[in-house]
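Student: Could you take a close look at the pockets with me? I would like one connected walk through what lines them.

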Amino acid sequence: MDIDVRGPRFGAAVTTVVLAVVLVTGSAWLLAWQTLAFLLGAAGGVRRSPYGWLFARVVRPRLGPPRAFEAPEPPRFAQAVGLLFAGLGLVGFTLGPEWLGLAATGAALAAAFLNVAFGYCLGCELYLLVRRATVRAE
C-alpha cells in the first residue's frame, strides 16, 4: 500500500532537527534515540517509526487529504541507510574516534536536509539505483 509523501518528509524534518542538535551538543543519547527511530523505520516501514506515528496521529489529521503517494520501499531503504550512518556516528561518539561521530552524523543530517528542503530523498534514489542494478544483473 502506497504512503502519503508528506509523512517521510515530516520525519526528515524532525530528523534534521535531532541530528543538528546532536552535532551541536555531541549527545550520544540523542543520537541513540535517532538510531532507534531509524531502526524502527527500517524494520517496520516509515509508518512504524516514531516520527511516522506522530505524523499519522497528530499532523496528518490537521492537513488536507494527500495529493501524492509513493511506494513504501524506497523510504524504508532510506531509513536503513540512515540507520547505518547513525550507527557509525554512535560508535564514533561513544567509542571514538570523535571525527567518525561528527562525519557520520553530518552525512545523515545532510541527507535528511536534502529531503526537507528540496524533496530529494538520497536514500530513495540509492534504492532505485540498487534495484536497477539487481534487475540488470538477473
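Student: Which elements each supply at least two residues of the lining of the second largest pocket?

Tutor: Happy to go through that one with you, keeping in mind that this is a predicted model. Strand S1 (3–4), H1 and H3 are the elements that each supply at least two residues to the lining of the second largest pocket. Among these, H3 has the largest share, contributing four residues. In total, 14 residues line this pocket, and its volume is about 260 Å³. If you want to find its centre on screen, look for Arg47, Gly52, Phe55, Ala56 and Arg60, which lie nearest to it. Sorted by class, the lining holds seven nonpolar, two polar and five charged residues.

The largest pocket makes a useful companion to this picture. Its volume is about 440 Å³, and of its 26 lining residues, Phe38, Ala78, Gln79, Ala111 and Ala112 are the closest to the centre. Here, too, H1 and H3 each supply at least two residues, as do helix H4 (73–94), helix H5 (98–118) and helix H6 (122–137). The top contributor to this lining is H4, with six residues. As for chemistry, the lining of the largest pocket has 17 nonpolar and nine polar residues, and no charged ones. The lining of the second largest pocket, by contrast, includes five charged residues, and Arg47 and Arg60 are among the residues nearest its centre.

Definitions and conventions
Residues numbered from 1 in each chain as written. Predicted model: local features only at pLDDT ≥ 70, side-chain atom pairs only at ≥ 80, totals over all residues. Heavy atoms only, no water. 1 Å grid on protein atoms, 1.4 Å probe; cavity = no way out; pocket = protein on both sides within 12 Å on 5 of 7 lines; lining within 4 Å. Points joined across faces, edges and corners; volume = space filled by probe spheres on them. Nonpolar A, V, L, I, M, F, W, Y, C, P; charged D, E, K, R; others polar.
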